[in-house]
Amino acid sequence: MSITPFSQLNHPRELFRQFTPNWFAVNMGTGVVMLILPHVWAASWAMDVSKVLFFINVILFIFFCILLAGRIVFFPKTLKPLFEHSIQPMAFGCMPMGLATIINGCILFYGAIQLSHILWWIDCLLSVLFVFVVPYFMFTKHDHKAETMSAVWLLPIVPSEVASCTGAFLVPHLPVHDGLLVLFTSYGLWAISVFLAAGIVINF
């Protein structure tokens, strides 16, 4: 058996078709480590490591976005089965949550407020999109039962809460008008998801 990467693919384009959104969980994990490291160790090396992880996280996120876009463009017929799968579409929530860690990194490490502001609105759109689209398929296409409920159900719901927390981190750096808009939007994002998430957690 060959251990050469991608040797089992019939065509290089198959790399796009085989991509699934759970890969964005890598951004979530890398991003969390990146953000907490300077707070755990108050040393210059911790900040340096975090900045390296930040660039790795950005590169991975862009790479995953390219793969997802390639699947949409080259294999559009695979999207419907993807969303109708009982588990895979849940992982779409990892995408905005992974982006949220990058936004926080832009603010924390480089003070890139304008870029962070733009990325935050993109993060909001993705969060709201998945908090409605994925549960829609859960209700209409999936065969879910209370007995099979798991924490994975939270993935498409909690990105709105994560975006609201990121908004709170962004608000102090913005002009008053923009800051108020982000603040009230963050309250709305929190309200969208917190009750759904609480309902799932309570029923565990």
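**View 1. Helices α2 and α3 run roughly antiparallel to each other in this predicted model.** The reasoning is short: α2 and α3 (residues 44-74) pack at an angle of about 160 degrees, and angles over 145 count as roughly antiparallel. Their axes sit 9 Å apart, and the crossing of α2 past α3 is left-handed. From the α2 side, the residues to look for are V26, N27, T30, G31, V33, M34, L37 and P38. They meet A46, M47, V49, S50, L53, F54, N57, L60, F61 and F64 of α3. Sorted by class, this contact has 13 nonpolar and five polar residues, with no charged ones.

**View 2. Helix α2 also packs with helix α5, this time roughly parallel.** Here α2 (residues 25-40) and α5 (residues 94-110) have axes that come within 8 Å and cross at roughly 30 degrees. Angles under 35 degrees count as roughly parallel, so that is the label for this pair. The crossing is left-handed. On α2, the contact is made by A25, N27, M28, G31, V32, M34, L35, P38 and H39. Facing them on α5 are C94, M97, G98, T101, N104, G105, L108 and F109. The class count for α2 with α5 comes to ten nonpolar, seven polar and no charged residues.

**View 3. Y110 sits in helix α5 and is partly exposed.** Its relative accessible area is 42%. Skip the neighbours within four places in sequence, and Y110 is in contact with K51, F54, F55 and G105. Take K51 as an example of a partner from elsewhere in the chain: Y110 and K51 are 59 residues apart along the chain, yet their C-alpha atoms are separated by 9.4 Å.

**View 4. C94 is a buried cysteine without a disulfide partner.** Its relative accessibility is 4%. The closest cysteine sulfur belongs to C65 and lies 13 Å from the sulfur of C94, which is too far for a bond. A disulfide would need the two sulfur atoms within 2.5 Å. The structure as a whole holds zero disulfides. C165 is in no disulfide either, with the nearest cysteine sulfur, in C124, 12 Å away. Unlike the buried C94, C165 counts as exposed, at 56% relative accessibility.

**View 5. T166 is a buried residue of helix α7.** The helix covers residues 159-170. At 3% relative accessibility, T166 falls in the buried class, for which the cut-off is under 20%. Which residues does T166 touch, leaving aside neighbours within four places in sequence? The contacts are A100, I103, N104 and W120.

**View 6. F83, in helix α4, is buried too.** Helix α4 spans residues 79-84, and the relative accessibility of F83 is 15%. Apart from neighbours within four places in sequence, F83 is in contact with P89, F92, V133, F137 and H142. Don't look for I103 beside it: F83 and I103 are 20 residues apart in sequence, and their C-alpha atoms are 27 Å apart in space.

Conventions. Residues are numbered from 1 along each chain as its sequence is written. This is a predicted model: local features need pLDDT of at least 70, side-chain atom pairs count only at pLDDT 80 or more; totals for chains, interfaces and linings use all residues. Side-chain values use heavy atoms; hydrogens and water are left out. Axes are lines fitted to C-alpha atoms, for helices over the stretch in contact, and angles run from 0 to 180 degrees between N-to-C directions. Helices (H or I, at least four residues) and strands (E, at least two) are DSSP runs, numbered from the N terminus. Angles under 35 degrees count as roughly parallel, over 145 as roughly antiparallel, 65 to 115 as roughly perpendicular and the rest as oblique. A crossing is left-handed if the near helix is turned anticlockwise from the far one by less than a right angle, and right-handed if clockwise. Contact means heavy atoms within 4.5 Å. Ala, Val, Leu, Ile, Met, Phe, Trp, Tyr, Cys and Pro count as nonpolar, Asp, Glu, Lys and Arg as charged, and the others, Gly among them, as polar. Buried means under 20% relative accessible area, exposed over 50%, partly exposed in between (1.4 Å probe, protein chains only).
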